[in-house]
Amino acid sequence: MNKENPLLEVSNLTLDYRLGKKRMRALDRVSFQLEKGEILGVAGESGCGKSTLGLSIIKLLPKIAEIKRGEILFEGRDLLNTSENDMNRKIRGQKISMIFQNPQNALNPVFTIGKQMTDILRAQSKYKNKKMRSSRFFRDQAIGRLKSTGIADPSARLSNYPYEFSGGMKQRVMIGMALSSGTSLLLADEATTALDVTIEAQINRLISDLAAQYGTSVLYVSHNLGVLAELADRIMIMYAGRIFEMGTTTDVFDSPSHPYSAALLESLPSRQARGKRLLSIPGIVPPLDNLPQGCSFHPRCKFAEDICKREVPPLEQVTDGHFSACFLDNKRGRKRLKWI
Amino acid sequence: MDLIEINHLKTYFYQNKGFLSKLFGEGLKTIHAVDDVSLTIKKGRTFGLVGESGCGKSTLGQSIFRLVKAQSGEILFQGQDVLQMDPKTLMAFRQQAQLIFQDQYGCMNPRMTVGQIIAEPLMMREKGKIDNQSLFDEVIRLLQAVNLDPESATKFPNEFSGGQARRIGVARAIALTPVFIMADEPTSGLDISTAATILNLMQDLQDKLNITYLWVSHNLNQVKYMSDDMAVMYLGKIVEMGQTKDIFREMAHPYTKALISAVPQVSINQQKETIFLEGEIPSPIHPPSGCRFRTRCPQVMKRCKTHEPALIDLGSGHLCACHLHTVNQETNN
Amino acid sequence: MNTTSSKRISDQMNRQMSLTPRWTETLIMAFQSVAKVKGGLIGAIFISVMLLSAICAQWISPYDPNAQNIIQRFTGPGTAHLLGTDYLGRDILSRIIYGCRIAVLVAFGAVSLSSIIGVFLGVMAGYNEGKKFDYFIIWLFDIVRSFPQIILALAIVAVMGPSLVNVVVALAFTAFPFYGRIARAQTLSVKEADYVKAAEAMGQKPLTIILRHITPNIMAPVIVCLGMDMATMIIWESGLSFLGLGVRPPTASWGIMLRNGYKYIQVSPWMILWPAVAIALSMIAFSLFSEGLRVALDPKERER
């Protein structure tokens, strides 16, 4: 691990959603570090807590969420104890930005793109300097941001309305707003899921280019393992609120250590020849308010043993920088997991 | 043997059809959703149809069922033209050909139970001459065929997860043992392992019932895995068509190349240099002149603007519509 | 699968298999969920009281509503006559109870007649969108709606002659285009749903599609309107009777009681007070109930 402090350090983050009398554990003892300039991919099926993780870092959780334990250190600052006011003034949109799956929901249809961009810039405290606060300045800023995302003829585009932009261009606008020289962390939640393949490739290239240019770290949440494989430096696989496996992209995807990661990879049609059966993991994802005892994956796991039903496996290092939460690992050594 | 033969199918939609638009001279806007498409689907095989959103692949599928009105062309189903069928024959055709919809919940009436939903096509075929016990047995058999609990019959669609709801859709589609099923993005919105379950199920059904699939998807990995033949569509036209293995081994059209290269791959040895297409898909109201892909094509030439490339055979039924290949052929001749 | 569970599922399916839309079940469910909303419960209770007194009028009313007792005219509320008597010495409470029967009959009759006709025409028009039939129906709706409703009702009753049935018909005629409009608009969106396409692709007959797939799914806003309209119909029935164009005296109707009462307002305010209170309470009850219905039928509100 790096000697200097990591940009983001999440330790033991545990979070519940309360719905009436139900308590759903959405995150359970999640700990990881994110280095400066690194792209960390978070993968998992729906309901595994990957989106909740992103939202809890920028503190945009719904009201029913309750953080039970844990700490989120961002540039040495404890985000969970930062006031809402400070989050708005200093952190959100400046140090930490977030982009979502549906950019059209983030843009108000009755105002021009330029108006919306300058309004957001105006609200940011890094432009507090009196001299800077002219309309001209903000307009130039907005043009610069659009230009950096590769939108042609940015000054004319400012007077367009959102409906005149395609989905890919709206996502570009959002990225332009999210990423600038000061941003140290970008949270991307299924940022390209709604887009076509060729547009998706454009947008992902844009994210990685800009992140490299500004030295921004990225937490990229996606259910598309292929996108993560091409984009991320490290991968984190989540299941029912827990981290199951974490390591470099090559480690996780080429020699998965956790049975669940191995199963996900075997379910992908791209890995199988025509006519061969795909792996379908038996059973279903357990409901979060009624997780099984021990390892939450054991009812579906082909390799489960007695100990898996009793105890929760801790996230342990398999090889240097490759972590896995499975009891099998210790005994199995580095044999390849095969489901079929 | 060809099950479906589509010849020069054109499906257009019109905007500003009303009286006021005429009055204010906005003019009729024609959306060329499907523009002169010809293809054949062989019996017992899977035909993959890929393309980005707005390329007309779903419209093409819906035209086959006459859910949207086609402008011209013919769709031959076992030799009979679907577009000319009288209501009675059409009803018979619709029982032999079924659809699986993209929205797994939206395609089921929320006020009917799963049992009713699956029984509906059966009751329709038997015209009420079926007693409840045999109907019930048939519903249970269908539910079991898609690996669902018999108890499901008494529940409502919203009580099921995405993958289960999709399987109910499949059960309804196979209820009348159709010969042809069109699957429109059958795994969209499903998780990886759930999608795998559906793909396995659909393959098993094909093996058992000898069903022909038209597999409409934007997911190239899936089409590569599922289909025997495939066609790539761009702005209402087919740009490349042939056997799936031929196309993936030797992509002929620049768009196919870009599309396949843009598909993210998990394993490092499958990853290749991505060809980035600039710009966006043009509007289908005013498609570009000549070749429709020329505005984004990395290998665009002068004649692409003026001449529309025809689909030509590159050998063994591998068709491609691109001037790069017409030029080659002309020089060969 | 063991035989008992098989039998159970089979029975349950048999019950559900009758493919007529599950009207009764839907209504019961709606009633249950209305009761969970605060105001809705109050409305539901009061409506139940109204229904009971309308049905059991002859058993629960203390006197014959038309029995005159000239000696005891204009008495105030007391032990003998709970709400007092009118200018002919008739018991006001009994007349209110019998008037409730008229109000309920007119409200339910006019609302069901107008909604059935309106929904039927609206769904047919919506399903045949853009065809001549559709234009004709819209034209019909617009013509009826272009008259002020109460004037139209007055005119119809004036032509056909005042009677209970004619009042119901007149009120239904003025209201059906509103249901038609709602039903048509809903149909336009529902008929684009995938499940309607699925039924079409199956080769299902249009009439079955309309009855089984479209109608049950457009009813939520219509049902909410039903509740609101009940209140309106009660007011109008009273209005028509007040003007002498409603049911014929001496039948007890709240409107007729108002008409008789206002002449003697100086002598005995009770005569006009009680029917007015009855009308107001029934208005409030139906408004609360329909608001409860709206909340109960709106999935977004239900989750709160």
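**Group meeting talk: how chains A and B meet, and the sheet in each**

Okay, let's start right where the two chains touch: across the interface of chain A and chain B, there are 9 residue pairs in polar contact, with both residues at pLDDT 80 or more. And yes, pLDDT, because what you have in front of you is a predicted model.

So which parts of chain A do the touching? The elements that give two or more residues to that side are helix 7 (167-178), helix 8 (197-214), helix 9 (225-231), helix 10 (249-254) and helix 11 (259-266) of chain A. If you want to click on one of them, go for helix 8 of chain A, since the largest share, 7 residues, comes from there. As for what kinds of residues you'll find, the side of chain A that touches chain B has 16 nonpolar, 14 polar and 11 charged residues.

Now, how many salt bridges go across? The rule finds 1 between chain A and chain B. You can find that salt bridge at A:R277 and B:D204, whose side chains meet at 2.7 Å, N to O.

Let me zoom out a bit. In total, 41 residues of chain A are in contact with 40 residues of chain B. People often give the size of an interface as the accessible area lost when the parts come together. Here, the area buried between chain A and chain B is about 3,400 Å², and carbon and sulfur atoms give 53% of that.

What about the other chains? There are 2 pairs of chains in contact, and chains A and B share the most contacts. Chain A and chain C, on the other hand, have no contact joining them; their closest C-alpha atoms lie 10 Å apart.

Right, on to the sheets, chain A to begin with. You'll see 4 strands in an open sheet, order 2-1-4-5, with antiparallel pairing. At the edges sit strand 2 (22-34) and strand 5 (77-78) of chain A, each pairing on one side only. Strand 1 (residues 8-19) of chain A pairs with strand 2 of chain A over 9 bridges, in the antiparallel sense. To follow that pairing by eye, look for A:L13, whose bridge partner in strand 2 is A:V30, and then for A:L19, which is partnered with A:K22. These two strands of chain A form a hairpin with 2 residues between them, and A:G20 in the turn has a positive phi of about 60°. Lying across strand 1, strand 2 and strand 4 (65-74) of chain A is helix 1 (residues 50-58), which runs at about 70° to strand 2 of chain A.

Over to chain B. Its open sheet also has 4 strands, in the order 2-1-4-5, and the pairing is antiparallel. Strand 2 (29-42) and strand 5 (80-81) of chain B are the edge strands. Strand 1 (residues 2-15) and strand 4 (residues 72-77) of chain B run antiparallel, joined by 5 bridges. One spot to look at is B:K10, which stands opposite B:S72 in strand 4 of chain B. And which helix packs on this sheet? That's helix 2 (residues 57-64) of chain B, which touches strand 1, strand 2 and strand 4 and makes about 115° with the direction of strand 1 of chain B.

That's my tour, thanks!

Notes: Residues numbered from 1 in each chain as written. Chains lettered and ligands numbered in written order. Heavy atoms only, no water. Contact = heavy atoms within 4.5 Å. Buried area = accessible area lost by both parts, 1.4 Å probe. Salt bridge = Lys/Arg side-chain N within 4 Å of Asp/Glu carboxyl O. Polar contact = N/O pair within 3.5 Å; in protein donor to acceptor, adjacent residues only side chain to side chain. Nonpolar A, V, L, I, M, F, W, Y, C, P; charged D, E, K, R; others polar. Pairing = 2+ DSSP bridges. Axes fitted to C-alpha atoms, helices over the stretch in contact; angles between N-to-C directions.
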